[in-house]
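Welcome! Let's take a friendly tour of a protein and the ligand it holds.

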Amino acid sequence: MAAENITTEHHAQLLDGALAAEEIKQQVRAEIERLLAEHNVQPCLAAVRVGDDPASAVYVRNKIKACEEIGIRSEHHALPATTSQSELLALVATLNGREDVDGILVQLPLPPQIEETAIVEAVDPAKDVDGFHPENVGKLAMGAPVFVPCTPAGIIELLERNQIQIRGANACVVGRSQIVGRPMAQLLLQRDATVTICHSRTRDLAAVTQQADILVVAIGRSGLIGGAHIKPGAVVIDVGMNKVTEPDEVRQLFGEQAAKRLEVIAKRGYTLVGDVNPSQADEVAGKRTPVPGGVGLLTIAMLLKNTVKAAKLRRQRN
Ligand code: NAP
């Protein structure tokens with residue numbers, strides 16, 4: 001009975017992605033000023049987008065805006081949906097060869113006529129600020145990372161800035177994508193966590209995730225991770241970004257806190273939710289990231305950090 005009372009009164013502490021992102025940006029800003037003062041170099045990010053996927057357009061716009069705010073020069077190459085693979089490869093080759101471009105970002109997904117792997121492999125690894133090139137993936141897997149994908153790198157920053165102990169912790173990553181799950185697992189392993197990776201074929205997901213002191217969820221299914229998946233007191237990092245339009249689903253996810261989200265749906269037609277059921281997680285987890293306001297903001301901050309790192313490393317090599 002007593003345990004039940006504790007459970008119902010419990011409320012997980014929210015990990016503030018905005019605060020951590022702002023701190024990272026301050027550091028990046030200082031490095032940009034140093035680069036300008038010492039080398040007369042202003043870092044430059046070239047963002048390439050093909051087609052008119054609305055979500056991609058928003059992502060690229062946000063990245064460009066963040067660059068402008070912090071003092072990174074940026075270029076936005078918006079190509080038509082009919083662009084051929086060889087045309088895109090030609091643009092990437094030009095950007096690779098340009099001395100004034102430090103980072104290259106090709107927004108995924110690409111239209112079906114373009115093979116993503118061919119484009120990812122064409123980007124100069126020294127300008128690969130997304131960390132998707134096999135050379136950078138390999139270096140990360142060997143425990144000697146140079147450019148690390150921005151979302152998992154941001155999650156590590158968030159954990160470290162909140163003094164969450166990774167060494168020795170049981171960490172579980174749900175999702176094994178190239179951009180989140182796999183690099184996340186590598187980064188946790190490198191910091192001495194005992195890492196388990198789950199995916200759609202995992203038998204009895206809850207039995208595995210329940211063991212985790214640190215649970216990172218990157219699936220893409222709204223609220224799939226509920227209270228029964230979470231170890232009491234665990235740190236839960238919710239990477240998911242899913243659009244929910246149904247008021248009933250919002251009520252089920254947010255319980256008493258649903259009113260604000262229902263207003264958002266009425267205004268915008270949808271609300272963004274993670275892969276973790278927030279009201280259930282609040283009853284069990286020790287700490288968790290909100291959606292929005294958690295991991296998403298860190299992803300952009302880490303892109304800025306990687307761009308400045310690319311600018312510095314290239315100058316050191318030359
Ligand atoms: P993805 O490439 O679609 O991968 C999803 C992963 O989840 C796969 O490994 C899949 O397993 C696994 N999965 C699917 N259903 C499952 C289930 N029922 N149980 C256990 N595992 C399951 O997705 P992603 O690119 O990693 O993105 C995941 C989510 O994070 C999406 O909502 C995306 O929008 C979001 N995201 C957010 C940010 C950010 O900045 N906040 C950045 C990137 C992604 P299989 O491998 O077996 O198919």
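Here is a short report on the ligand's surroundings and on a pair of strands.

## About the model

This is a predicted model, in which local features need pLDDT of at least 70, side-chain atom pairs count only at pLDDT 80 or more, and totals for chains, interfaces and linings use all residues. Residues are numbered from 1 along each chain as its sequence is written, and side-chain values use heavy atoms, with hydrogens and water left out.

## Around the ligand

Look at the ligand first: 22 residues surround it, each with a heavy atom within 4 Å of the ligand. The closest are Arg176, Ser177, Ser200, Met241 and Thr299. Sorted by class, this shell has 10 nonpolar, 10 polar and 2 charged residues; Asp, Glu, Lys and Arg count as charged, Ala, Val, Leu, Ile, Met, Phe, Trp, Tyr, Cys and Pro as nonpolar, and the others, Gly among them, as polar.

Helix α13 (residues 295–317) gives the largest share of the shell, 3 residues. Helices here are DSSP runs of H or I with at least four residues, strands are E runs of at least two, and both are numbered from the N terminus.

## Polar contacts

Polar contacts with the ligand are pairs of N or O atoms within 3.5 Å. One ligand oxygen is 2.5 Å from a side-chain N or O atom of serine 200, and a ligand oxygen is 2.6 Å from such an atom of serine 177.

## Two paired strands

Strands β5 (residues 170–174) and β6 (residues 194–198) run parallel, joined by 5 bridges; pairing takes at least two DSSP bridges. Valine 173 has isoleucine 197 in β6 as its bridge partner.

Note on methods: A polar contact is a pair of N or O atoms within 3.5 Å; within protein, one must be able to donate a hydrogen and the other to accept it, and residues adjacent in sequence count only if both atoms are side-chain atoms.
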